[in-house]
Number of protein chains: 6
Amino acid sequence: MSENSLSHVGKDGRAHMVDVGAKAFTARKARAEGRLFCAGETLAIVRDGRAPKGAVISTAEIAGIMAAKKTADLIPMCHPLSLSKVGLEIVMDETLPGFRLSAEVRTSGQTGVEMEALTAVSVAALTLYDMLKAVDKTMRIDGIEVVAKAGGKADYGY
Amino acid sequence: MSENSLSHVGKDGRAHMVDVGAKAFTARKARAEGRLFCAGETLAIVRDGRAPKGAVISTAEIAGIMAAKKTADLIPMCHPLSLSKVGLEIVMDETLPGFRLSAEVRTSGQTGVEMEALTAVSVAALTLYDMLKAVDKTMRIDGIEVVAKAGGKADYGY
Amino acid sequence: MSENSLSHVGKDGRAHMVDVGAKAFTARKARAEGRLFCAGETLAIVRDGRAPKGAVISTAEIAGIMAAKKTADLIPMCHPLSLSKVGLEIVMDETLPGFRLSAEVRTSGQTGVEMEALTAVSVAALTLYDMLKAVDKTMRIDGIEVVAKAGGKADYGY
Amino acid sequence: MSENSLSHVGKDGRAHMVDVGAKAFTARKARAEGRLFCAGETLAIVRDGRAPKGAVISTAEIAGIMAAKKTADLIPMCHPLSLSKVGLEIVMDETLPGFRLSAEVRTSGQTGVEMEALTAVSVAALTLYDMLKAVDKTMRIDGIEVVAKAGGKADYGY
Amino acid sequence: MSENSLSHVGKDGRAHMVDVGAKAFTARKARAEGRLFCAGETLAIVRDGRAPKGAVISTAEIAGIMAAKKTADLIPMCHPLSLSKVGLEIVMDETLPGFRLSAEVRTSGQTGVEMEALTAVSVAALTLYDMLKAVDKTMRIDGIEVVAKAGGKADYGY
Amino acid sequence: MSENSLSHVGKDGRAHMVDVGAKAFTARKARAEGRLFCAGETLAIVRDGRAPKGAVISTAEIAGIMAAKKTADLIPMCHPLSLSKVGLEIVMDETLPGFRLSAEVRTSGQTGVEMEALTAVSVAALTLYDMLKAVDKTMRIDGIEVVAKAGGKADYGY
């Protein structure tokens with residue numbers, strides 16, 4: 001299992017926060033995406049101005065950015081990192097219908113920032129859900145994944 | 001827009017934490033589910049004992065339970081609640097292949113606990129991702145939704 | 001010193017979180033206000049659309065609402081409370097020139113919510129400062145005070 | 001708007017945490033000040049020993065220092081920083097009458113520490129308010145501003 | 001194993017936050033104690049005024065009180081509670097030599113507050129350690145236990 | 001008192017977070033240990049399989065690792081640090097009878113990580129207590145101390 005070893009699990013099978021002290025500080029970035037599916041009518045309420053689009057979307061974007069900073073507090077084995085940038089964008093897409101979320105996180109550090117980007121997208125999607133749940137009981141969060149990463153060993157997408 | 005009004009958005013279009021002071025304290029519960037898709041080989045690593053199943057799954061379950069208690073800290077307009085129960089179960093499913101997550105949260109309060117159940121599932125899925133990302137770059141979090149709620153106005157699923 | 005006794009300081013002079021266990025649960029609310037003075041040009045940048053007014057003001061409003069929920073984590077002797085409502089409004093005022101902030105918090109509990117309202121205003125003002133500090137080095141936060149409270153022993157303002 | 005651009009707002013008008021990855025790590029410091037106005041009698045209670053001065057002031061100083069470390073958790077677009085020093089001093093001033101607060105924060109980092117110093121002063125003032133509100137309903141927090149900063153582009157005061 | 005069942009572990013062996021929704025809200029309190037052993041010289045430094053006794057002890061008392069409010073954030077299966085009182089007392093004892101710590105926590109709730117009292121003592125002891133570690137490398141935290149509890153099923157000590 | 005000076009207390013007797021800005025960034029590590037004494041029968045319940053050993057011990061290990069990351073949030077004058085490794089091991093020892101805990105923390109920073117290692121052990125012990133308190137009212141946390149440190153001025157134990 002040499003090349004398959006899980007970084008956060010020791011030889012004794014215990015979870016631990018793996019030692020990254022010998023890894024180089026490099027400029028790292030990661031991009032994650034996700035979707036919130038909702039009823040077409042829900043999207044129309046936001047799009048047609050019956051609901052304040054700004055309040056719904058900007059609350060979710062801010063929540064996602066703040067959540068990126070809490071990643072190491074939420075994910076037990078994540079290393080705390082000093083993030084140098086967090087951006088999050090939410091757009092409405094009638095073809096889903098729903099919302100598309102995309103987050104990019106950057107740091108100069110010893111570990112990657114995939115988890116921070118994924119956490120930003122996840123919490124932003126949860127916040128959209130919270131802002132809209134009074135009018136829609138059928139929403140679903142889907143397709144949360146890392147689409148690009150750079151600065152580590154196995155880069156792709158950028 | 002009377003019946004479509006978003007609870008967390010005021011008449012002036014500003015986001016606020018809606019007043020629930022006049023609502024009754026009732027026993028409320030909610031159940032949310034989600035999935036983490038991974039490579040079949042990743043699931044085999046956990047299932048066949050090459051990775052310690054306990055460390056991966058129990059770390060994710062504990063992270064999800066702890067996250068449920070942080071919901072009001074993560075979601076801007078969520079009311080803080082004194083949860084009376086949080087349970088979270090993760091099972092492996094070769095047909096995905098991947099992991100199925102299910103959380104149940106209960107409280108006696110003035111608002112529902114859907115967001116707490118969704119947050120527990122989301123953070124548990126993120127933790128699985130973190131524990132397995134050293135061996136799998138193709139994972140995807142999917143299908144996070146509320147499947148049952150009780151104790152409020154619009155109940156279903158139980 | 002009987003009528004002057006500080007609630008959070010014991011007879012031995014030590015700080016403690018005073019026992020409110022014998023107090024009644026009543027509907028309580030409080031309103032706090034504050035101001036951020038800035039250069040007239042800064043206000044013009046936001047007002048005239050050269051800076052996105054929504055991003056500046058809505059970020060501060062959301063930060064203030066979230067901070068109200070962290071009050072007991074910030075103020076050592078504050079009791080944790082389950083807030084039933086938090087609202088925060090920020091308006092531009094050319095006569096200052098600057099921004100006027102107003103927060104209202106409600107709960108059903110054994111202690112008042114003045115500190116939560118004051119914390120919401122303070123953190124919202126700090127966030128405005130942070131959003132505008134790239135263009136203005138002369139800002140000043142002023143006049144943070146409780147203007148109304150109800151539900152306790154010494155009510156006023158409502 | 002080139003020279004007036006707000007660092008935390010993108011070209012699309014969305015709030016984001018600006019990328020500081022290309023900025024140099026320099027030794028930075030900032031000093032912020034503020035005042036809490038109270039009734040003369042309140043100050044006398046603390047000064048004349050009828051209230052334990054230590055408990056009131058030291059609780060506020062400790063709260064302010066701890067709050068400096070929470071700045072990035074409170075202010076949505078603030079970068080997390082590893083602070084190398086936080087000091088906070090509160091003195092009584094009969095001429096106000098009230099309390100004068102002063103905080104100094106230092107770091108070696110890519111962004112300044114004005115927000116950390118302002119947050120320390122703000123939360124210390126809120127804590128004084130909380131410790132004294134049982135005897136004084138007329139207090140007001142005033143004059144919170146940055147009085148000196150060094151290590152960045154636009155330094156002054158030191 | 002009926003009478004020995006662990007409340008936070010389910011029949012399936014998974015950790016969960018047990019359901020307390022059916023338990024009565026009763027007035028509950030708990031008292032915990034602990035000790036920090038240090039060199040006699042360390043105690044003398046604090047006692048004889050060469051170090052400011054107030055800064056050392058009051059910082060630890062405040063840290064312990066604040067930690068009691070974080071108990072549910074630290075202990076994975078602890079229920080969040082609205083504490084009605086937290087008190088913490090630290091005294092120097094030359095016979096150890098060292099410090100004796102004692103905390104009392106009260107609430108009206110569905111679960112006991114032993115963990116909150118133990119957490120207050122533990123974090124206060126850690127803070128004493130931090131304040132004194134520059135002069136003493138031989139300190140040891142000892143004897144942290146619950147000495148009295150009331151309001152639940154198995155009371156003692158009061 | 002030159003050589004006895006407490007780092008976190010200023011000449012004026014106020015607590016502050018000491019300036020470490022001039023100290024070198026070095027690879028630092030620390031190891032702390034502790035014990036939880038319990039009834040022999042409690043240990044037998046876990047050891048003999050009547051209680052799920054994994055759920056009890058792995059919950060405590062994860063709680064301790066997460067707590068190490070919260071050290072600067074709990075201990076007022078602790079500097080925030082970017083930890084590069086946290087490991088925690090809990091073993092049962094019939095000769096106590098009870099549990100032995102050991103934590104190791106590493107960083108590259110300007111201050112040591114003794115407090116992080118001590119906090120990990122303390123919170124893990126508290127979590128064991130919480131998981132077992134339904135079956136044992138006589139537990140006691142004991143012997144929490146630093147057993148080795150390296151990378152600073154006064155190293156020992158490694």
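**Chains A and C**

I started with where chain A meets chain C: five residues of chain A and five residues of chain C make the contact. I'm working from a predicted model here, so every value is computed from it. The area buried between chain A and chain C comes to about 420 Å², with 73% of it on carbon and sulfur atoms. On the chain A side, I noted Ile62(A), Met66(A) and Lys70(A) as the residues that lose the most area to chain C, together 72% of what that side buries. How many salt bridges cross between chain A and chain C? I found zero.

**Chains A and B**

Next I looked at chain B against chain A. This contact takes 53 residues from chain B and 53 residues from chain A. I get a buried area of about 4500 Å² between chain B and chain A, and carbon and sulfur atoms give 69% of that. Which residues of chain B lose the most area to chain A? They are Leu6(B), Leu74(B) and Leu126(B), together 13% of what the chain B side buries.

I also checked for salt bridges here, and two turn up across the interface of chain B and chain A. I looked up a pairing of Lys70(B) with Asp73(A), whose side chains form a salt bridge at 3.3 Å, N to O. Lys70 caught my eye, since Lys70(A) is on the list of residues losing the most area to chain C.

**Chains that don't touch**

Two more pairs went on my list. Chain A and chain E make no contact, and their nearest C-alpha atoms are 10 Å apart. Chain C and chain F don't touch either, with closest C-alpha atoms 10 Å apart.

**One chain by itself**

I then took chain A alone. I count four helices and four strands in chain A. Along the sequence, the order in chain A is β-α-α-α-β-β-α-β. The C-alpha atoms of chain A fit a box of roughly 55 × 30 × 25 Å along the principal axes.

**Helix H4 of A against H4 of B**

Back to the A and B pair, this time for the helices. Helix H4 of chain A (residues 114-132) packs on helix H4 of chain B (residues 114-132) at about 165 degrees, and the axes are 11 Å apart. Are H4(A) and H4(B) roughly parallel or roughly antiparallel? An angle over 145 degrees counts as roughly antiparallel, so I wrote down H4(A) and H4(B) as roughly antiparallel to each other. The crossing of H4(A) past H4(B) is right-handed.

For the residues, H4(A) brings Met115(A), Leu118(A), Thr119(A), Ser122(A), Leu126(A), Tyr129(A) and Asp130(A) to the contact, and among those they meet in H4(B) are Met115(B), Leu126(B) and Asp130(B). I sorted the residues of the H4(A) and H4(B) contact by class and got eight nonpolar, four polar and two charged. Leu126(B) is one of the H4(B) residues in this contact, and Leu126(B) is also among the chain B residues that lose the most area to chain A.

**H4 in the C and D pair**

I repeated the look-up for chains C and D. Helix H4 (residues 114-132) of chain C and helix H4 (residues 114-132) of chain D pack at about 165 degrees, with axes 11 Å apart. That makes H4(C) roughly antiparallel to H4(D). H4(C) passes H4(D) in a right-handed crossing. The residues making the contact include Leu118(C), Ser122(C) and Tyr129(C) of H4(C), and Leu118(D), Ser122(D) and Tyr129(D) of H4(D).

**H4 in the E and F pair**

Then chains E and F. H4 of chain E and H4 of chain F, each residues 114-132, pack at about 165 degrees, their axes 11 Å apart. H4(E) and H4(F) are therefore roughly antiparallel. I noted a right-handed crossing for H4(E) past H4(F). By class, the H4(E) and H4(F) contact has eight nonpolar, four polar and two charged residues.

**Salt bridges again**

Over all chains I count 83 salt bridges. One I looked up joins the side chains of Lys70(C) and Asp73(D) at 3.3 Å, N to O. This pair crosses between chains: Lys70(C) sits in the loop between helix H2 (53-68) and helix H3 (71-74) of chain C, while Asp73(D) is in helix H3 (residues 71-74) of chain D.

**Cis peptide bonds**

Last entry. Which residues does a cis peptide bond join in chain C? I found Leu96(C) and Pro97(C), with omega about -15 degrees. Pro97(C) lies in the loop between strand S2 (83-93) and strand S3 (98-109) of chain C. In chain E, the bond from Leu96(E) to Pro97(E) is cis, with omega near -15 degrees. Pro97(E) is in the loop between strand S2 (83-93) and strand S3 (98-109) of chain E.

Technical notes
Residues are numbered from 1 along each chain as its sequence is written. Chains are lettered from A and ligands numbered from 1 in the order in which they are written. This is a predicted model: local features need pLDDT of at least 70, side-chain atom pairs count only at pLDDT 80 or more; totals for chains, interfaces and linings use all residues. Side-chain values use heavy atoms; hydrogens and water are left out. Axes are lines fitted to C-alpha atoms, for helices over the stretch in contact, and angles run from 0 to 180 degrees between N-to-C directions. Helices (H or I, at least four residues) and strands (E, at least two) are DSSP runs, numbered from the N terminus. Angles under 35 degrees count as roughly parallel, over 145 as roughly antiparallel, 65 to 115 as roughly perpendicular and the rest as oblique. A crossing is left-handed if the near helix is turned anticlockwise from the far one by less than a right angle, and right-handed if clockwise. Ala, Val, Leu, Ile, Met, Phe, Trp, Tyr, Cys and Pro count as nonpolar, Asp, Glu, Lys and Arg as charged, and the others, Gly among them, as polar. Contact means heavy atoms within 4.5 Å. Buried area is the accessible area (1.4 Å probe) that two parts lose on being put together, summed over both. A salt bridge is a side-chain nitrogen of Lys or Arg within 4 Å of a carboxyl oxygen of Asp or Glu.
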